[in-house]
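This report describes the fold in words, beginning with the whole chain and then turning to selected strands and helices. It is meant to be read beside the sequence and the coordinates.

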Amino acid sequence: MRQVRSYPKTADLDNPLYYVENINTLVDWVAEHHGDLLTEAERARLKNFRQLPIAARALLTRMIMRSGELFRVDKLNYPELPQPETEAVAELIAQQWLDPAPLLDMNDVFRLFTLAELRLLYADWLAHNGLPKNLPKARLREALADAESEPKPVDRWFEQSVPPVVQVQGMALFDRIRLMFFGNLRQSWTDFVLVELGVQQFETVPFTPESRAFQHRAEVDSYLQMHQCRERLDAGEAADEVWAAIPDPVDNSWLTSRRNRLLLELGRQAERQGNSELALQAWAASGHREARLKQLRLLERLKRFEEAWDIASQWQNGELSDAEAQGLERLLKRLAPKVGEPKPQAPPKPLIREFTVTLPKPDTGSVEHAALAYLSAEKAPVFYVENTLINALFGLLCWPVIFKPIAGAFFHPFHIGPADLTREDFVARRQADFDQCFALLETEAYRPRIVETFKAKQGIANPFVAWPVVTEELLALAMDCIPAQHLRVLFDRLLTNVKEHRSGFPDLIRFIPNAEAPEHRYEMIEVKGPGDRLQDHQRRWLAFFDQHGIPASVCYVRWQDTGNHS
């Protein structure tokens with residue numbers, strides 16, 4: 001039988017040390033769900049952390065949330081701590097969480113002490129060497145560079161007494177458990193420890209051993225190694241040196257996606273650094289949706305037209321997002337004459353219905369609301385929904401699929417949605433489940449499913465549902481007026497690229513409940529004010545609407561000329 005682990009409670013925000021409750025939750029969660037991926041020594045350290053006196057644990061939590069590992073003891077001032085900071089520091093030193101005498105280099109000293117403090121501390125040295133006492137920080141650092149080079153404890157940097165400096169021990173362990181909790185190292189401790197978790201409602205997702213993203217410690221190590229590679233790229237290191245450190249592929253789709261993104265970025269870095277061959281190699285090895293087009297464009301710039309044409313011709317037979325198809329179409333059009341091939345036939349130009357209205361310019365409010373007020377009628381009400389309505393209908397219909405507990409989707413109990421939502425394989429890993437949901441659109445069964453979910457999940461975070469905007473009345477009107485087959489094609493397109501296709505929907509929707517033909521009972525309307533133009537992703541949606549017979553138009557608003565003419 002599958003084992004479902006416990007679900008933690010959120011902290012009491014009336015407690016000034018609520019962040020300690022939150023980090024306890026985090027540490028306990030990792031120990032319970034990923035304890036087998038930790039070494040015996042790491043488990044012992046986490047147990048020791050949980051047994052620290054409350055003040056010491058709170059201070060250590062504050063320190064790991066801050067940047068860096070070195071701290072001046074006199075700067076550790078937190079009024080909510082139940083005892084003086086010095087006592088908490090002494091406890092953390094005794095438990096080997098803090099090093100009381102770390103070695104500091106020049107960069108550390110200049111980071112820990114202000115310019116005013118450094119001028120005072122080095123006043124005698126400056127006078128002895130004939131230097132002005134108000135030397136700028138950069139000049140002071142330059143002057144000290146030759147005299148002070150070896151790392152040493154803080155009290156050996158100065159002749160006068162200075163505040164003690166301590167260094168947090170075990171940051172590598174904290175990074176490891178942060179990764180296993182968040183599923184990334186982009187989110188900081190502050191993203192969880194100081195968040196008022198009780199304010200938001202989260203869907204309860206069963207956590208089972210097989211739904212974990214990490215099944216082996218080596219997978220955690222691989223992620224950490226990739227993270228280090230990304231940091232090296234961000235620091236401007238040569239791409240070919242980083243390339244040698246990228247870990248081999250692993251049999252883990254979630255980590256494969258991370259590796260694909262890393263290779264995409266390495267290719268960008270290699271191209272910027274003039275290493276075209278490495279850029280091509282990295283993009284060819286990356287499965288990221290942006291890598292192929294970058295590879296082809298670089299081959300084109302290198303005048304390797306035949307090679308680019310062969311790759312592009314094979315790629316166009318695959319499943320592409322609209323942006324990929326558009327980019328590929330333009331590329332093939334440019335390449336065709338270079339390789340002696342006929343230019344690909346351009347797709348038919350979509351019919352985009354447009355109309356213009358002239359309205360008095362309102363003192364307040366947006367152009368969308370001005371258009372809404374003008375267009376709305378008692379028998380044909382108009383709503384300002386933009387990206388919210390179609391997304392909400394999809395999110396409510398497919399709620400169980402969105403929150404399905406599969407590996408790499410949920411790492412902790414506080415997810416708004418699955419972590420792999422915008423990943424290339426998001427749909428493929430759930431295809432059968434989505435097919436079952438969409439089968440409901442072939443009967444009337446989808447309507448009660450959406451209404452029941454709306455009532456049962458009210459207020460619970462979902463990446464597709466904007467609760468303040470969506471009402472039961474709006475949903476009912478939408479289901480009365482939008483044919484189920486239209487919803488199906490809209491949802492299908494949404495899933496071809498969730499990141500790209502969740503936006504770009506028209507601003508307004510007009511419902512005509514009493515129209516005779518179902519396809520005439522609604523119309524989507526994009527509103528453009530003076531000087532505003534359609535964006536590429538909006539044009540792609542409008543072309544899609546035309547292709548599938550979905551009623552849509554663009555309303556251009558012009559303001560009435562209220563000027564006085566003599």
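In this predicted model, L70 stands opposite Q167, a residue of strand β3. That pair belongs to the contact between β1 and β3 (residues 165–168), two strands that run antiparallel and are joined by 3 bridges. Both strands are part of an open sheet of 3 strands, in which the order is β1-β3-β2 and the pairing is antiparallel. The edges of this sheet are formed by β1 (70–72) and β2 (98–99), each of which pairs on one side only.

**The chain as a whole**

The protein chain contains 26 helices and 8 strands, and its C-alpha trace spans about 90 × 75 × 60 Å along the principal axes. Of its 566 residues, 48% count as buried, while the area that the chain exposes comes to about 28,300 Å², with carbon and sulfur atoms supplying 49% of it. Among contacts between residues at least 6 apart in sequence, 70% join residues that are at least 24 apart. As for charge, the chain carries 67 positive and 79 negative side chains, and the centres of these two sets lie 2 Å apart.

**Strand β6 and its partners**

Strand β6 (residues 508–511) has L508 and R510 pointing one way and I509 and F511 pointing the other way, and all of these residues are buried. The strand pairs with β5 (residues 382–384) in the antiparallel sense, and it also pairs in the antiparallel sense with β7 (residues 522–528). The table sets out these two pairings together with that of β1 and β3.

| Strand pair | Sense | Bridges |
|---|---|---|
| β1 and β3 | antiparallel | 3 bridges |
| β5 and β6 | antiparallel | 3 bridges |
| β6 and β7 | antiparallel | 4 bridges |

At the level of single residues, R510 of β6 is the bridge partner of V382, whereas I509 stands opposite M524 in β7.

Helix α18 (residues 367–375) brings these strands together with further elements, since the cover over its buried residues includes β4 (353–359), β5, β6, β7 and β8 (552–559). The residues of α18 that are buried are V367, E368, A370, A371, L372 and L375.

**Helices α11 and α13**

How does the length of helix α11 compare with what its 18 residues should span at 1.5 Å a residue? The helix, which covers residues 217–234, should span 26 Å, and because its end C-alpha atoms are 26 Å apart, the two values agree. The expected value takes 1.5 Å times one less than the number of residues.

Within α11, the buried residues are E219, V220, S222, Y223, L224, M226, C229 and L233, and what covers them includes α9 (171–182), α12 (239–243) and α13 (253–272). After α11 comes G236, a residue whose phi is positive, near 90°.

Helix α13, one of the elements that cover the buried residues of α11, also contains N260. Is N260 buried or exposed? N260 has a relative accessible area of 14%, and since buried means under 20%, N260 counts as buried. Leaving aside residues up to four places away in sequence, N260 touches A285, S286, G287 and H288.

Conventions. Residues are numbered from 1 along each chain as its sequence is written. This is a predicted model: local features need pLDDT of at least 70, side-chain atom pairs count only at pLDDT 80 or more; totals for chains, interfaces and linings use all residues. Side-chain values use heavy atoms; hydrogens and water are left out. Two strands pair if DSSP finds at least two bridges between them. Buried means under 20% relative accessible area, exposed over 50%, partly exposed in between (1.4 Å probe, protein chains only). Contact means heavy atoms within 4.5 Å. Accessible areas come from the Shrake-Rupley method with a 1.4 Å probe; for residues, only the protein chains shown count as cover. Lys and Arg count as positive and Asp and Glu as negative; His and the chain ends are not counted. The place of a charge is taken as NZ of Lys, CZ of Arg, CG of Asp or CD of Glu.
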